[in-house]
Amino acid sequence: MIFQDIGNKILNIFLPPLCYGCQKPLLEAQKLCGECWVKLQFIRSPSCVTCGLAFDVDMGENAECLSCLDGDFPFDLMRSVLKYDEFSKKLIMRFKHNDRTELLPLFMDWFALYVKDFKNIDIVMPVPLHWKRLFKRKYNQSALLAQKLAKNINCSFDPFSLKRIHATQPQHGNKQERALNMKDVFSISSEAIKKLKGKNILLIDDVVTTGATIKACAEILKENDAQKVFVLSIARVNLPL
Ligand SMILES: [Zn+2]
Ligand SMILES: [Zn+2]
């Protein structure tokens, strides 16, 4: 270990680690420089107790947003670490497209804090990609997040039971149209149904935008007798679902 530490220190002198946000050299083996760190908009209290929407003002303990009060969402609880803005978009794009999987430990540090809101998770699974997109991109970034998180919290990881059977286009239209677009996009194999019955499932996505995708996933899991469905994402567009 000591030799490894010395080795790392020598390596840092010649090849200092770069900030994941702005690529400036860092003095220590941290992940983001101070300037980038303050750009992160973490979603903390006050926020909706059910879907995690950040509130501008504190509405008191256990307050729900209007969508959660009105709507009947197929998932039970959702949390997102960051507001989706130019900076979080940049980090996630790096993770997604440039094989910058070294961002994984940073995301896991954040997930460790937010996952505490979900009780008795049995299975962690990613929002699946269609095989064509998976082929193009080489890996499913949400699966990578889900796999590592499952290991960290000692739950089973299941990237196979939930499948995306249609490649969908980016989401347009109003809420009803978007929901209709997502209908029949996901399926659960017959052999997986038994496995998921009565289980509490944590769904992982990188970014939640309109919520149509995670709602469609949660819906089919609930239809197949999953007990609870939780959602955790790196970022979300901070608008009501
Ligand atoms: Zn930076
Ligand atoms: Zn809400």
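Is N154 buried or exposed? N154 counts as exposed, because its relative accessibility is 74%. The model in which this value was computed is a predicted one. N154 belongs to the loop between α7 and β3, and its phi is positive, about 65°, although the residue is not a glycine. This report returns to such backbone details after the zinc sites and the sheet.

## Zinc sites

The table sets out the two zinc ions.

| Zinc ion | Donor atoms | Distance | Angles among donors | Spacing along the chain |
|---|---|---|---|---|
| zinc ion (ligand 1) | C19 (SG), C22 (SG), C33 (SG), C36 (SG) | 2.3 to 2.4 Å | 105 to 116° | C-x2-C-x10-C-x2-C |
| zinc ion (ligand 2) | C48 (SG), C51 (SG), C65 (SG), C68 (SG) | 2.3 to 2.4 Å | 106 to 118° | C-x2-C-x13-C-x2-C |

Why is the arrangement around the zinc ion (ligand 1) tetrahedral? The four donor atoms subtend angles of 105 to 116°, and four donors count as tetrahedral if all angles lie between 85 and 135 degrees. C19 and C33, two of the donors of this ion, link distant parts of the chain: both lie in the loop between α1 (2-14) and α2 (34-37), 14 residues apart. C19 and C33 are both buried.

The site of the zinc ion (ligand 2) is tetrahedral as well, with angles of 106 to 118° among its four donor atoms. Among its donors are C65 and C68, and both of these residues are buried.

## The parallel sheet

Five strands make up an open sheet, paired in parallel and ordered β1-β7-β6-β2-β3. Strands β1 and β3 (156-157) are at the edges, each pairing on one side only.

Strand β7 covers residues 228-236, and eight of its nine residues are buried. To one partner, β1 (residues 77-83), β7 is joined by six bridges, and the two strands run parallel. With β6 (residues 200-208), β7 pairs over eight bridges, also in the parallel sense. Two positions of β6 show the register: D205 stands opposite S233 of β7, and V208 stands opposite R236 of β7. On the β1 side, S80 stands opposite S233.

How does the chain get from β6 to β7? The path passes through helix α10 (residues 212-223), and this β-α-β crossover is right-handed.

## Two buried residues: S233 and I214

S233 sits in strand β7. The residue counts as buried because its relative accessibility is 0%, and buried means under 20%. The side chain of S233 makes a polar contact of 2.8 Å with the side chain of S80, the residue that stands opposite in the pairing with β1. A polar atom of the S233 side chain also lies 2.9 Å from the backbone oxygen of A235. Beyond the neighbours within four places in sequence, S233 is in contact with R79, S80, V81, F111, D205, D206 and V208.

I214 is part of helix α10, the helix of the crossover from β6 to β7. Its relative accessibility is 1%, so I214 counts as buried. Leaving aside neighbours within four places in sequence, the contacts of I214 are F75, M78, V127, L203, D205, V208 and V231. D205 and V208 are thus among the contacts of both I214 and S233. I214 and M182 are 32 residues apart in sequence, and their C-alpha atoms are 9.7 Å apart in space.

## Helix α5

Which residues of helix α5 (residues 104-114) are buried? They are L104, L106, F107, M108, W110, F111 and Y114. Several elements cover these buried residues, including α2, β1, α4 (86-97), α7 (141-153), β6 and β7. F111, one of the buried residues of α5, is among the contacts of S233.

## Backbone details

The peptide bond joining S45 and P46 is cis, with omega about 0°. P46 lies in the loop between α2 and α3 (66-70).

Like N154, Q23 has a positive phi without being a glycine; for Q23 the value is about 70°. Q23 is placed in the loop between α1 and α2, the loop that also holds C19 and C33. With a relative accessible area of 31%, Q23 is partly exposed, whereas N154 is exposed.

Methods
Residues are numbered from 1 along each chain as its sequence is written. Chains are lettered from A and ligands numbered from 1 in the order in which they are written. This is a predicted model: local features need pLDDT of at least 70, side-chain atom pairs count only at pLDDT 80 or more; totals for chains, interfaces and linings use all residues. Side-chain values use heavy atoms; hydrogens and water are left out. Donors are N, O and S atoms within 2.8 Å of the metal (3.2 Å for Na, K and Ca); water is not among the atoms, so sites may look incomplete. Four donors count as tetrahedral if all angles lie between 85 and 135 degrees; four count as square planar and six as octahedral if opposite donors are over 155 degrees apart and all others between 65 and 115; anything else is irregular. Helices (H or I, at least four residues) and strands (E, at least two) are DSSP runs, numbered from the N terminus. Buried means under 20% relative accessible area, exposed over 50%, partly exposed in between (1.4 Å probe, protein chains only). Two strands pair if DSSP finds at least two bridges between them. A crossover is right-handed if, with the strands pointing away from the viewer, the path from the first strand over the helix to the second runs clockwise. Contact means heavy atoms within 4.5 Å. A polar contact is a pair of N or O atoms within 3.5 Å; within protein, one must be able to donate a hydrogen and the other to accept it, and residues adjacent in sequence count only if both atoms are side-chain atoms.
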